[in-house]
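Here's a quick briefing to read alongside the structure. It covers confidence, one cavity and one sheet.

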Amino acid sequence: MVKIYIRQSWIKLLMKSSQGRLFLGLFAALIGVFLLLSDVAVPVYAQYVAPHTEPGPAVDSITFKRVPLDLGAAAVEAKEIDAYIFGLRPAQAKAVAGKPGLKLYPAPSGLYSIVLNPAPAPAGELNPLADREIRFALNYLINRDFIVRELFAGFGAPMVVYLTPWDYDYITNIDLILRYDFRYDPAYASQIIDERMRALGAEKIGGKWYYGGKPVTIKFVIRVEDERRQIGDAIASDLEKAGFTVERMYMEFGPAIETVYNTDPAEFRWQIYTEGWGRTGILKYDSDPGAFIAPWEGNMPGWAVEGWWQYQNAELDELTQKLYRGEFASREERDRMMKRVLELALQDSVRLWVATRLDSYIAREDLTGISQDIGAGLRSLLVWRNAYVLGKSDLTLGHLWVWTTRTTWNPMQVALVGGFVDVYSVDQAYLTSDPSTWIHPYTGIPIPFRSSWEVRTAGPTGSINVPADAYIWDAENDRWVSAGGATAKSVVTFDYSRFLQSNWHHGIQISLADLLYHVATRFEVAFDKEKSALEPAISGTLSESLKTIKGIRILPDNRVEVYIDYWFFDNAYIAQFAELWPTLMVPWEVIAASDRLNYVEKKYAYGGASSRARGVSWLNLVLAEHASDVVAELDKMHTEGFFPASYFTLGNSVFETPAGAQERYSTAIDWGNEHRHMWISNGPFYLDSFDSAAQTSVLKAFRDPTYPFKPGDNFYPFITPVQILRIGKGTVVPGSSAQFLIDAEGEGVLKSRYLIRDVATGQILAVGDSESVTPKRMLIRLSPDFTSKLTPGALYELIVATYSEDAATISVSRDFFDVLSLAPVEREIEAVSKELTDRLRAVSEDLATAISGLSTAVSNVDSKLDRTADNIRSEVRSSVEDVRARVDAATNTLTNDIRNLQAVAQSTLTVAQIVMALAVIAIVLSVVSVIRRPKAAATA
């Protein structure tokens, strides 16, 4: 139920069940033929081929070893390791791309930020970062475009809030993000800094700021392992140009973390730090936006350690706590609240976001069984459960570190204030433990992993009565009490059979006693005054979530009901919030021994900041010395007959016995003595050995027959990520409708959200959603009313964010368009029209003169024609009479000739008829003579 973040890590993932995948496979087979006949694209997923059918993972063992970043790719190429799970530098990735035998797996998992120390300086000194406007001005000293283009070689994107262009929530906040799209502008930043520094009483001498006669110095902790070295140096140089004296403190991971996160900001051991984060999953909806923003979460300067100076922002705390507890009535209200949270964080600028990097992970090409996690790449919890190389029974994985001073395996995993706060511990531990619920690697939605659940909710304003046989832990009196009479918004029923019917790594069966003890100890550190005083950061973070739990009810058949005062518009998030089973779990006896070392003997602390504040060690169950102390404590518990009965008693039901406790103590002691660590869990691998000095660890397959998963379970083949292919633009004419066509690829039906921004002013003019043309084609329509407000000839930016409900990543593309200006055309038409008018006027005048002359000529012609006609008529009459006489004479002669010809013709016809008759008679006589002639005889 507590959202878990890690330094250089976001923790959120999950899996489908094997039954669910079988059903989907059968269903896909049934409809496959139909889809092939339609226009719907059907993805063909790779099928998993299991190397065996035993319980547990695909391989028998995994060895983690430290490999420096510069040697990672070469180590894979030489087959010294099978994969390198720390992101390569972009230049390294380019150098090995396409090499035979190697394969790259990209994921947007690297995040970079700058955290500032805003604590007020002691009297007589000045901390410029305590001033809000100066902090905000520093945004203009970060050349985000250069960092992405040059340092990341284009493999990334600029950031201004913690959301990246690959996050689903980026869609609903894109207008805010683009409104604060900081340009790199040192001159503008210096202008703000100059004004504020003078107002604070500083003076600039020779280009340098002084206060009280001393240079204004900024202590800048700069990490050296990756691009943060160049990022830090660039910002430091611009700070120096702005007049500050910068003390560049170059550090690796461990010393940097200790200096920044484990010291009181008022000590001024640091003032700026180049942070790096990694995430091992992707979220559709972020239900905990305060993790990077709000003081109450313990991840802002002061780190929620009692007695230290604390950054405070009451409005941020109030809004993020409401969002965390689900105190909103709709998705729309949640989105509005989240947008306000992001803007408040931007205005305060205590953590400045730089960029996200598209990390490239490298592996052998013959490594098979790799699940795809859109947001995590090879650092996903899913990958190494099913991965193997054909013919090999083991794998070796390289990492930047296996252990640092921040690599702490302890059972109090609470956000960034307990154990597991770095990627190095988490990446290993996630292979040793199974979560109850996780995040789907494609959609970012919570789904069951090793449990199943049913959700019943009364909605954002309704209520459900908590029954009398539900219980809540009373931290003051250390016992479970009836929760009857309380009300809750939702109730989730979990089936924990897959846990409770299997064993821990040390062979003891998992029981409800483990869950009950875990929950009780969380309530105690949150609400017990003495314990919360020892772990204030953990207490403050846990209390907000635990306040929403109204009761726990144990049902038959390994089911547990959790009543929570929480609502979300997606029931899966209600289930995730109600989940009590932790992601990284150990048996109750290990928790009990650790608690005694912390709260009773006060030899260790669960939190890093509290360990430094109290001057004790930060509990780490994989370090031999710490494990030895836990074993010694277990031995005391065994000798004393220690049995915390109240932790296991709910009404008349008891879930543990003294004899069971004694068996657990003995078994855990044996484990610690054999393995020299006390990390006992329930996942596909168990931690066999951990050597912090040698920077190695060995994980071995858990082949216990009670383990519920086998190779092939929870396998997710690769899908097509959302990607904009092209944007087709038409001509935009003021006052006319306009259309833009978007073609993209990706899973499911694609949608787009767009913004139009005036390039000259930076003002966002429109935000809208596309229309679907086909599943992969979208249309943006601009109305005549909108285009009529655009300036002809001006340049506008079109930002398109395309997404899918089936894969919780987005693709953002930017393009430009201009508006057709009709003014030049109108001026040209006006000039042509004037010229034509002038010409027509001249032609008209010429035509009028010509017509006048023509009229006179016509009159003269008419007179001449009249006289000529009379003469012609007289001459014609005389000629006609003469012709008539001649015709009559010729006619008489012709008639006589015709009569003579008729007589001759008649005589000729008679002769011809006589000749024809004679010919016929001759023919007849000839035929008769032939008929009468005798026939010839046949020859033999």
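Helices and strands here are DSSP runs numbered from the N terminus, with at least four residues for a helix (H or I) and at least two for a strand (E). Keep in mind that this is a predicted model.

**Confidence**
- Averaged over the chain, pLDDT comes to 87, and 83% of the residues score at least 70.
- Residues 1-45 stay under 50 in pLDDT, yet the model gives them 140 contacts beyond four places in sequence.
- Residues 919-940 are also below 50, and that stretch has zero contacts beyond near neighbours in sequence.
- Where pLDDT is low, don't read the predicted coordinates in detail.

**The second largest cavity**
- The structure has nine cavities of 30 Å³ or more, and the second largest has a volume of about 150 Å³.
- Its lining counts 18 residues, with Ile293, Ala345, Leu346, Arg351 and Trp353 the closest to the centre.
- Helix 11 (331-348) and strand 13 (351-364) each put at least two residues into this lining; helix 11 gives the most, with four.
- Sorted by class, the lining of this cavity is 14 nonpolar, two polar and two charged residues.

**A four-stranded sheet**
- Four strands make an open, antiparallel sheet in the order 33-34-38-37.
- Strand 33 (723-729) and strand 37 (771-774) sit at the edges, each pairing on one side only.
- On average, neighbouring strands of this sheet are turned by 25° against each other, direction ignored.
- Six bridges link strand 33 to strand 34 (residues 738-745) in the antiparallel sense.
- Gly728 stands opposite Leu741 of strand 34.

Definitions and conventions. Residues are numbered from 1 along each chain as its sequence is written. This is a predicted model: local features need pLDDT of at least 70, side-chain atom pairs count only at pLDDT 80 or more; totals for chains, interfaces and linings use all residues. Side-chain values use heavy atoms; hydrogens and water are left out. On a 1 Å grid over the protein atoms alone, a cavity is a set of points where a 1.4 Å probe fits but cannot get out, and a pocket is an open set with protein on both sides within 12 Å along at least five of seven lines; lining residues have an atom within 4 Å of a point. Grid points are joined across faces, edges and corners, and a volume is the space filled by probe spheres set on the points. Ala, Val, Leu, Ile, Met, Phe, Trp, Tyr, Cys and Pro count as nonpolar, Asp, Glu, Lys and Arg as charged, and the others, Gly among them, as polar. pLDDT is the predictor's confidence in each residue, from 0 to 100. Contact means heavy atoms within 4.5 Å. Two strands pair if DSSP finds at least two bridges between them. Axes are lines fitted to C-alpha atoms, for helices over the stretch in contact, and angles run from 0 to 180 degrees between N-to-C directions.
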